[in-house]
Amino acid sequence: MRAAENGRDPRLKAISDAIRVVPHFPKPGIMFHDITTLLLDHKAFKDTVDLFVERYRDMGISIVAGIEARGFIFGPSIALGIGAKFIPLRKPGKLPGRVISEPYELEYGTDQLEMHVGAVQPGERTIIIDDLVATGGTLSAAIRLLERFQAEVVECACVVGSPVVQGECELKEKPLFVLVEPHY
Amino acid sequence: MSAYKDKDPRIHGIKTKIRVVPNFPKPGIMFQDITTLLLDPQAFRDTIDLFVERYKGKNISVVAGIEARGFIFGPPIALAIGAKFVPLRKPKKLPGEVISEEYVLEYGRDCLQMHVGAVEPGDRALVVDDLIATGGTLCAAMNLLERVGAQVVECACVIELPDLKGRERLHGKPLYVLVESH
């Protein structure tokens, strides 16, 4: 679901316009959607957070899980706005203490995502935040991590994402909410 | 300067939520883990509020956060005080044109990068990270900002390890922390 479908919230245009596309990063052929320019526009950044907070604040969400590193830029503000805990999901070796790990596929090879043991209690209603969803590989790993501790993943939320991709997205039938579509 | 010394009543709640993990990332290091603070919405809220109360009305135009834990505290502060947020990142993470600042680690060197054009001459900047140890990373962050003509007003961290004297590496810039750990 796109926020745009809910009658085109007027805040979305400025958010979309504030995101810049950097061609051929990190490699040729990739049109990289850079949210750092959004962060330079205070109103648009605030509107981004507000749109997520408005959506989730009455849904009984007790956990916002953010994917390192750009999920850390949006997730904590959303968590603070809805009164939820924030849980960072990190690359291997970054989280101290006991962790669980979940592998996921990259274009070439695999990577891992980790979460602290004990951060999540069974039954907690959770949303997962990242700046952008492409194939959904990282989000799927995040869902698996949370479900291993019996959290209930209510939705995945990204600033940028394509509903067209959603069909090819491996999100285990979890709903995906995005604010804006990629610019091409 | 630290809120700890000011004895704000919220400080105790914040300090008790920070978990110390021994021998991480290597033997001998007592790692100050702020993730447990983030599991307490009130304590996390208080952490942000303490910084916001200090910096609101000081005309801060940019909050620069150091990857990755500075990304957790910096943006909520930036949003509350009306500043832009600029991520300072490890090499090759930021797309487009960047400037780089090398700094020395215990063994070897590392590098911090910032986007060209994100910060402008005359911007009044706050640098945010979860913790200051030796001050090497904060110093690199300050250098990046000053190289593009910004004025670093203060460095702000949740935790200071005063025994490592990082405060002395900040070119005389003030440092504000909420808690100290010895």
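**Exercise 1. Trace the open parallel sheet of chain B, from its strand order to its edges.**

Solution. Start with the order: chain B holds an open sheet of 5 strands, arranged 4-3-7-8-9 with parallel pairing. Next, find the ends of that order. Strand 4 and strand 9 (175–180) of chain B are the edge strands, each pairing on one side only. From one strand to the next, the twist averages 20°. The model you are looking at is predicted.

Now zoom in on one pair inside this sheet. Strand 3 (residues 62–66) and strand 7 (residues 124–132) of chain B run parallel and share 4 bridges. To anchor the register by eye, look for Val62(B), which sits opposite Ala125(B) in strand 7 of chain B. As background, strands of a sheet pair through backbone hydrogen bonds, either parallel or antiparallel.

**Exercise 2. Decide how compact chain B is.**

Solution. First, take stock of the elements: chain B has 6 helices and 9 strands. Then compare its radius of gyration with the globule rule. The radius of gyration of chain B is 16 Å, close to the 16 Å that the rule gives for 182 residues, so chain B is as compact as a globular protein of that length. For the dimensions, the C-alpha trace of chain B spans about 40 × 40 × 30 Å along its principal axes. Finally, check burial, where the cut-off is under 20% relative accessible area: 56% of the 182 residues in chain B are buried.

**Exercise 3. Work out whether strand 4 of chain A is enclosed or open on its faces.**

Solution. Begin with a count. In strand 4 (residues 85–89) of chain A, 5 of the 5 residues are buried, so the strand is largely enclosed by the rest of the structure. Next, split the strand by face, remembering that in a regular strand the side chains alternate between the two faces of the sheet. Lys85(A), Ile87(A) and Leu89(A) are buried on one side, and Phe86(A) and Pro88(A) are buried on the other, so to speak a cover on both faces. Last, look for the neighbour: strand 3 (residues 63–67) of chain A pairs with strand 4 of chain A in the parallel sense over 5 bridges. Within that pair, Val64(A) stands opposite Phe86(A).

**Exercise 4. Describe the second largest pocket and say which helices build it.**

Solution. Its volume is about 250 Å³. Now list some of the lining: among the residues are Lys46(A), Asp50(A) and Leu80(A) from one chain, and Arg45(B), Ile48(B) and Leu79(B) from the other. Assign them to elements next. Helix 3 (42–56) and helix 4 (71–82) of chain A, together with helix 4 (41–55) and helix 5 (70–81) of chain B, each supply at least two lining residues. Helix 3 of chain A gives the largest share, 4 residues. Sorted by class, the lining has 7 nonpolar, 2 polar and 3 charged residues.

**Exercise 5. Find the cavities and contrast their linings.**

Solution. There are 2 cavities of 30 Å³ or more. The largest cavity has a volume of about 50 Å³, and its lining includes Arg90(A), Lys94(A), Asp33(B) and Arg69(B). By class, that lining has 6 nonpolar, 1 polar and 4 charged residues.

The second largest cavity has a volume of about 40 Å³. Thr36(A), Leu40(A), Phe85(B), Val86(B), Pro87(B), His115(B) and Ala118(B) line it, with the largest share, 3 residues, coming from strand 4 (residues 84–88) of chain B. Here the classes are 5 nonpolar, 2 polar and no charged residues.

Methods
Residues numbered from 1 in each chain as written. Chains lettered and ligands numbered in written order. Predicted model: local features only at pLDDT ≥ 70, side-chain atom pairs only at ≥ 80, totals over all residues. Heavy atoms only, no water. 1 Å grid on protein atoms, 1.4 Å probe; cavity = no way out; pocket = protein on both sides within 12 Å on 5 of 7 lines; lining within 4 Å. Points joined across faces, edges and corners; volume = space filled by probe spheres on them. Nonpolar A, V, L, I, M, F, W, Y, C, P; charged D, E, K, R; others polar. Pairing = 2+ DSSP bridges. Axes fitted to C-alpha atoms, helices over the stretch in contact; angles between N-to-C directions. Rg over C-alpha atoms; globule rule 2.2 N^0.38 Å. Buried < 20%, exposed > 50% of the residue type's maximum accessible area, 1.4 Å probe, protein only.
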